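Hi everyone, thanks for making time this morning. Let me put the model up on the screen, and then I'll walk you through it.

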Amino acid sequence: MTATNRWRGVVALALAAAATALVADRPDLLLVAALGVAFAAYPRVSGAPDPDLDVERRLSDASPRPGDEVAVTVTVTNEGGFLADVRVVDGVPALLSVTGGSPRRGMVLWPGRSVSFTYRVVAKHGRHPFEPATAVVRDVSGAHEVETRLADDTDIDCTTTAADGPLRDQTLDGVGRVVADRGDSGIEFYRTREYRSGDAMSRIDWNRYARTGELTTVEYRTDEAATVVLLVDARREAYCAAGDDPHAVARSVSAAEQLLASLHRDRNRVGVAAFGREFCWLAPGAGRDHLARARRLLATHPAFASTPPRDGAADHDAQVDRLRGRLPDAAQVVLLSPLTDDAIVETARNLDAHGHHVSVVSPDVTSEESSGQRLAAVERRNRLSALRTAGVPVVEWESTTPFVTALMERPREVGAT
Amino acid sequence: MSTATDDAAPTDDAAASPQLETVSPARQPARLASALALLAAIAGAWRLGASPLALGVAAVSVGVLAAGVRLYRGDRRLPGALVALAGVLVAVGALGLTALAVSQSSGYLRLVPAVTGVLVLGVALVPFHGTGSRGLVTVGTGLLFLAVLVSGVFQSVALGPLLFAATASVVAWDAGEHAVSVGEHLGRRSGTGEVEVAHVAGTVAVGVVGVTAAQLSGGVGLSGLSLASLALVLVAVLFFALALHE
């Protein structure tokens, strides 16, 4: 409970009236002072509220197609005593925008009363869990305020679209489409080389031996899945947004979900990691169970919360060390970061230098409205070029463009090692 | 650029078009509580003896100002600014009418601050930008309370109207502050009416109880008290107020 202290000024009014009454010898004003004291006593009488609320969310369509409007009906029920001033703000998923109605409602709740309100959002591609609704409850005088979060696990699942092909056979899991630049025992021809003792008989190019009398060995491309770790920058510095757009962490998480889906479809081993209020790690893996686990992690892990961390910054260097300790050898890293400071650039170059191929997807949250914002945009461009100079490919993601298929190609371009 | 126009609620036509308009919460002081605050302030100024004509003109000026601000915030900058300017001119007229209607010389000290307070409160609750100003709400209702004190000193009104006007200034401040607070939390486009009514009703009830109690004790014959006993009562009130302040 917090005290709003909004009635504090009325004590000053009472004292001013009393002082004037004394100086000017006016009993009437003393009664005005008494009136002021009555108002000063008011918040003491009304007492602090003790809310016991329950929230229920209903969707007109829980798995819509992108662009569909979904009506969200929120019902708040009072399961405690009388509440004179309840302000509810529903936790609309960060990436969805409200197109009709209002996700906010003020209500007076006597015991047992339920109040419903409806608003509409437009579905976008991806899975969009609702945040808990926030209720600010004040007593009738407004002097005491209690803020509670009302959770009701709901999400809009907008991932099953006609554009997505059916998943391929699971038996092929673990074999990547990423082309390996290394000869071994695969199927696709890679090169021929001089015979070395110990090479399998079946690999010797007998036609060539018949023609020239030289023993050569045929090599095939090795079939190998790429191991990719999607690393989301969810530090406090990354919680920034241009205007009314969703902040960079929300966009990074959304991009990570889409990359996760496409990388899984291509049978790569994908892991998830995040820097933020706490370190988040899911070891690379394949298969539908792993995909589901990764999605759940992206939706529920506290590091990806939609509000910035309140307390001081976590130890970034320690988190980098933990990540390096866990990254499998030769794992690629796709870093999703708005690049709002130099530490994350340093981290990317550091990981790259330690043999993990790093590529960066950077949601653009800069704008050109004030000189400070222009300066931030210039600094970000400098960081982008510093990364490119260091050989790290960077994809810039403007807020106006959707997270396109071109981006999904990116990890494949980098290639497996 | 803000899309916070009051008429941006999407229609069925908008729902049919592929490009849906995003609704943003209009974080301006809640309408009902703002209106109640202005009403309370006007009633207080009226009980202090301000000319009803001047108060009517003041109310009109706030209405015109609100219309202008609505246009202005709806990205019709020039017409909005012109209408708002007209509102300001009407407000100046209201002040002029107040001054003209004054009969005693103390009236200038009492009624001009009272009507100015009403106008300042109006400006606070129809903000050109931002979410409304708690500071201006306090200044406006403070001016009204100042008028109450001056009226008390000059003994220009009876005890009843004096207590009424004092209560009205507190209710106006409370409703104005509540309007700003609800506007910040929920915005103008959400259903907030019942919360505003409940809150203002609570404050009015306390005001009624306070006024009744004060009038009862006034009837006991407080005016016959000596200054020394008054001072003792004052000290008692002071300690009570301090105890509440802790």
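I'll take the two chains in turn, then a pocket, and then a handful of residues.

One thing before we start: what you see is a predicted model, so please keep that in mind throughout.

Let's begin with chain A. It has 417 residues, and 48% of them count as buried. Its secondary structure comprises 9 helices and 19 strands. If you take the contacts in chain A with a separation of 6 or more, 71% of them are between residues 24 or more positions apart. The accessible surface of chain A is about 19100 Å², and carbon and sulfur atoms account for 48% of that.

Now chain B. How many strands does chain B have? The count is 0 strands, alongside 9 helices, so to speak a plain run of α elements from the N terminus on. Chain B has 246 residues, with 47% of them buried. Of the contacts in chain B between residues at least 6 apart in sequence, 74% link residues at least 24 apart. As for its accessible surface, that is about 10900 Å², and 71% of it belongs to carbon and sulfur atoms.

Next, the second largest pocket. It holds about 640 Å³ of space. Its lining consists of 30 residues, and the ones nearest the centre are A:Pro129, A:Glu131, A:Leu298, A:Ala299 and A:Phe304. Which elements of chain A supply at least two residues each to that lining? Two strands do, β8 (126-129) and β9 (131-138), and two helices do, α4 (248-265) and α5 (288-300). By residue type, the lining splits into 14 nonpolar, 8 polar and 8 charged.

Let's zoom in on a corner of chain A, around strand β13. A:Thr217 sits in this strand, which covers residues 216-223. Is A:Thr217 buried or exposed? A:Thr217 is buried, because its relative accessibility is 1% and the cut-off for buried is under 20%. Its side chain has a polar contact, at 2.8 Å, with the side chain of A:Asp199. If we set aside residues within four places in sequence, A:Asp199 is also on the contact list of A:Thr217, along with A:Arg191, A:Thr192, A:Arg193, A:Glu194, A:Tyr195, A:Arg196, A:Arg203 and A:Ile204.

Step back a little along the chain and you reach A:Leu215, in the loop between α3 (206-212) and β13. A:Leu215 is partly exposed, with a relative accessible area of 32%. Beyond four places in sequence, A:Leu215 contacts A:Glu194, A:Tyr195, A:Ile204, A:Trp206 and A:Tyr209. You may recognise some of those names: A:Glu194, A:Tyr195 and A:Ile204 are among the contacts of A:Thr217 too. And from A:Leu215 to A:Asp205, 10 residues away in sequence, the C-alpha atoms are 7.1 Å apart.

Still in chain A, a word on backbone angles. Most residues other than glycine have a negative phi. Against that background, have a look at A:Asn5, where phi is positive, near 55 degrees. A:Asn5 is in the loop between β1 (2-3) and α1 (8-24), and with 41% relative accessible area it is partly exposed. A:Leu339 also has a positive phi, about 55 degrees, and is not a glycine either. Where is A:Leu339? Look in the loop between β17 (332-336) and α7 (342-353). A:Leu339 counts as buried, because its relative accessibility is 0%.

To finish, two helix residues in chain B. B:Gly96 belongs to helix α4, residues 77-100, and is partly exposed at 31% relative accessible area. Its C-alpha atom is 9.0 Å from that of B:Val112, which is 16 residues away along the chain.

The other one is B:Ser169, in helix α7, residues 159-186. B:Ser169 is buried, since its relative accessibility is 2%. Which backbone oxygen lies 2.7 Å from a polar atom of the B:Ser169 side chain? That oxygen belongs to B:Ala166. Not counting residues up to four places away in sequence, B:Ser169 touches B:Thr141, B:Leu144 and B:Phe145.

That's my tour. Thanks for listening, and I'm happy to go back to any of these views.

Key
Residues are numbered from 1 along each chain as its sequence is written. Chains are lettered from A and ligands numbered from 1 in the order in which they are written. This is a predicted model: local features need pLDDT of at least 70, side-chain atom pairs count only at pLDDT 80 or more; totals for chains, interfaces and linings use all residues. Side-chain values use heavy atoms; hydrogens and water are left out. On a 1 Å grid over the protein atoms alone, a cavity is a set of points where a 1.4 Å probe fits but cannot get out, and a pocket is an open set with protein on both sides within 12 Å along at least five of seven lines; lining residues have an atom within 4 Å of a point. Grid points are joined across faces, edges and corners, and a volume is the space filled by probe spheres set on the points. Helices (H or I, at least four residues) and strands (E, at least two) are DSSP runs, numbered from the N terminus. Ala, Val, Leu, Ile, Met, Phe, Trp, Tyr, Cys and Pro count as nonpolar, Asp, Glu, Lys and Arg as charged, and the others, Gly among them, as polar. Buried means under 20% relative accessible area, exposed over 50%, partly exposed in between (1.4 Å probe, protein chains only). Contact means heavy atoms within 4.5 Å. Accessible areas come from the Shrake-Rupley method with a 1.4 Å probe; for residues, only the protein chains shown count as cover. A polar contact is a pair of N or O atoms within 3.5 Å; within protein, one must be able to donate a hydrogen and the other to accept it, and residues adjacent in sequence count only if both atoms are side-chain atoms.
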